[in-house]
Amino acid sequence: MVSTCSAGIVLFLVALWAARADIARASGLDKVVALSNLCFAIPLAVFGALHLSGANFVMSLVPSYMPWRLFWAYFVGFALLAASLSIATKIQVRWSGLMFGIMMVLFVATLHIPRALANPGDRFAWTIVIREMSFAGGGWILAGNAMRGKHKSWLIAVGRVLIGIAAVFFGIEHFLHPLGRPGVPLEKLMPEWIPGSMFIGYLTGAILLVAGVSILLNKKTRMAATYLGTWLVLLVLFIYGPILIASLSDPSTAVKIEGINYFADTLLFAGAILALANSATPHGSEIQG
């Protein structure tokens, strides 16, 4: 756990330093939008460190028909760390964002869709499929933001649709299951010690649904993505932050990993949405390398 937390902290400092000029230049909620690369890069560093420190466990998730399963566990770990550093420093983001998105699609095709089809009534399996595709969309939007030419617009458009679908799906799930943890609706419920759990669930569902429809229709996309991304960042800070602290104090390694994963998943989803907001601003058209 030390290596995982250390990777996240180091990338936080690197990304914050790289974004300092954008943050200073922005005003209002645009300061949150300026954190898009930071929000996206930190989880990649965390997941990369988890892959390397838990390579034997990750190897068990690699399909049995693939050769060199341990190699792929390490390869993905190093790839995630490299992508996180690229995105944090805004160096060659057109390649790191593009390749990260492709990697997510490959994971969906080889791992998550077969599992979902094996048990089509499992809503959590489909949530993971849609979550991973939204992460791919975020990577492609970051790549598009760093490009010029014809590929820029279609990368951002595909990413926008994937994120919009995820927001609508997650919003509906929140209304059906309001006591689940907010943002990405997976299995765990909100802890009893967090007040107003049902209100938070319904409010998050409403924000997701309204913003998702707006994003899919490409109407007021920047405003919708800015508000949704900001709300998710607040959830990370004030819901998942305390949950993470509580999980890290638990003696169980599984509980620690679970707390880290929920924190990082929600932050990565926020980063993807803030990247979409950034793509609709003048800053989003800047070439980052």
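Helices here are DSSP runs of at least four residues, numbered from the N terminus. With that in hand, a tour of the charged pairs in this predicted model can begin. Side chains of opposite charge can pair when their charged atoms come close. Across the whole structure, a search returns seven salt bridges, and a few of them are followed here.

A good starting point is helix H2, which spans residues 20-25. Within this helix, Asp 22 and Arg 25 sit three residues apart, about one turn of the helix. Their side chains meet in a salt bridge, with an N to O distance of 2.4 Å. Arg 25 counts as partly exposed because its relative accessibility is 45%, which falls between the 20% and 50% cut-offs.

Asp 22 has a further partner in Lys 90, and the side chains of this pair meet in a salt bridge of 2.3 Å, N to O. Here the contact links distant parts of the chain, 68 residues apart: Asp 22 belongs to helix H2, while Lys 90 lies in the loop between helix H6 (69-89) and helix H7 (93-118). Both Asp 22 and Lys 90 are buried.

Another salt bridge pairs Arg 222 with Asp 30, whose closest N and O atoms are 2.8 Å apart. This pair, too, links distant parts of the chain, with Arg 222 in helix H11 (residues 221-248) and Asp 30 in helix H3 (residues 30-33), 192 residues apart. Arg 222 is partly exposed at 33% relative accessibility, and Asp 30 is likewise partly exposed, with a relative accessible area of 28%. Returning to helix H2, shared partners join the salt bridges of Asp 22, Arg 25 and Lys 90 into one network.

Conventions: Residues numbered from 1 in each chain as written. Predicted model: local features only at pLDDT ≥ 70, side-chain atom pairs only at ≥ 80, totals over all residues. Heavy atoms only, no water. Salt bridge = Lys/Arg side-chain N within 4 Å of Asp/Glu carboxyl O. Helix = DSSP H or I, 4+ residues; strand = E, 2+ residues; numbered from the N terminus. Buried < 20%, exposed > 50% of the residue type's maximum accessible area, 1.4 Å probe, protein only.
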